[in-house]
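Ready for a few warm-up exercises on a protein fold? Take a look at the sequence and structure first, then work through the tasks one by one.

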Amino acid sequence: METATVARTRHRISVLVVEDSMDHRMLMERRLRDAGMEVVAAATGEEALASFADVDLVLLDYRLPKFSGLEILRKIREVSGGPSVVMVTGMGSTDVAVEAMREGAIDYLAKNPGYLQALPNVVERAWRHHDLARRAGELQRLALLVNSATARADVFKEIVV
């Protein structure tokens, strides 16, 4: 069922899984690949910062060695047009969820016993949010161009590109 869901997006979702636990990282990778998604993995914050540019979405563990997930989230959010981030943690605290959302995460997933089953749906929902935000930004840009352009040829040239 997840494969059909991913196919409806008309885009193969690419996900960066940032998880220091090799077991969780491998389980998450397998679950997402089985759902038809492209997966890149990172075990550290440094690896995540070097890998996030070419993905649609980042699944970011809250507790990482050296940097916290929130620090990595802040660095990702600094990049205009960067991927959306879903914070993933075993801590399951509402304080962590609220803090992550305030920092710009679009969703939060606790590593409870059923999280792997829910993972593809969480990723697809987050990707749809990311895609809609990207499209809305593009429409705003085009609306500004149409409102401010004096020459129709310039407007059409931008829209066609």
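**Exercise 1.** What percentage of the 161 residues in the protein is buried?

*Solution.* Before counting anything, keep in mind that this is a predicted model. A residue goes into the buried pile if its relative accessible area is under 20%. Sort the protein that way, and buried residues come to 40% of the 161. For the outside, the accessible surface adds up to about 9300 Å², and carbon and sulfur atoms hold 53% of that.

**Exercise 2.** List the helices and strands, and work out in which pattern they follow along the sequence.

*Solution.* Start with the tally: there are seven helices and five strands. Now walk along the sequence and write down what you meet: α-β-α-β-α-β-α-β-α-β-α-α. Next, check how contacts span the chain. Take those between residues at least 6 apart in sequence, and you'll find that 62% of them link residues at least 24 apart.

**Exercise 3.** Work out the order of the strands in the sheet, and find its edges.

*Solution.* As a reminder, strands of a sheet pair through backbone hydrogen bonds, in either a parallel or an antiparallel way. Here the pairing is parallel, and the five strands make an open sheet ordered β2-β1-β3-β4-β5. The edges are β2 (38-42) and β5 (107-110), each of which pairs on one side only. Ignoring direction, neighbouring strands in this sheet are turned against each other by 20 degrees on average.

Now zoom in on one pair. Strand β1 (residues 14-18) and strand β3 (residues 57-61) run parallel and are joined by four bridges. For L16, the bridge partner in β3 is V58.

Finally, add a helix to the picture. Helix α2 (residues 22-34) lies across β1, β2, β3 and β4 (84-89). Compare its direction with β2, and you get an angle of about 170 degrees.

**Exercise 4.** Which residues of helix α5 are buried, and why do they line one face of the helix?

*Solution.* First, pick out the buried residues of α5 (residues 94-102): V96, A97 and A100. Then look down the axis of α5: its buried residues fall within an arc of 100 degrees, so they line one face of the helix. Flip to the other side of α5, and you meet T94, D95 and R102, which are exposed.

Next, ask what does the covering. The elements over the buried residues of α5 include α4 (69-77), β4 and β5.

Last step: see what comes after the helix. G104 follows α5, and its phi is positive, near 115 degrees.

Note on methods. Residues numbered from 1 in each chain as written. Predicted model: local features only at pLDDT ≥ 70, side-chain atom pairs only at ≥ 80, totals over all residues. Heavy atoms only, no water. Pairing = 2+ DSSP bridges. Helix = DSSP H or I, 4+ residues; strand = E, 2+ residues; numbered from the N terminus. Axes fitted to C-alpha atoms, helices over the stretch in contact; angles between N-to-C directions. Contact = heavy atoms within 4.5 Å. Buried < 20%, exposed > 50% of the residue type's maximum accessible area, 1.4 Å probe, protein only. Areas by Shrake-Rupley, 256 points an atom, 1.4 Å probe, with all protein chains shown as cover. Arc of directions from axis to C-beta.
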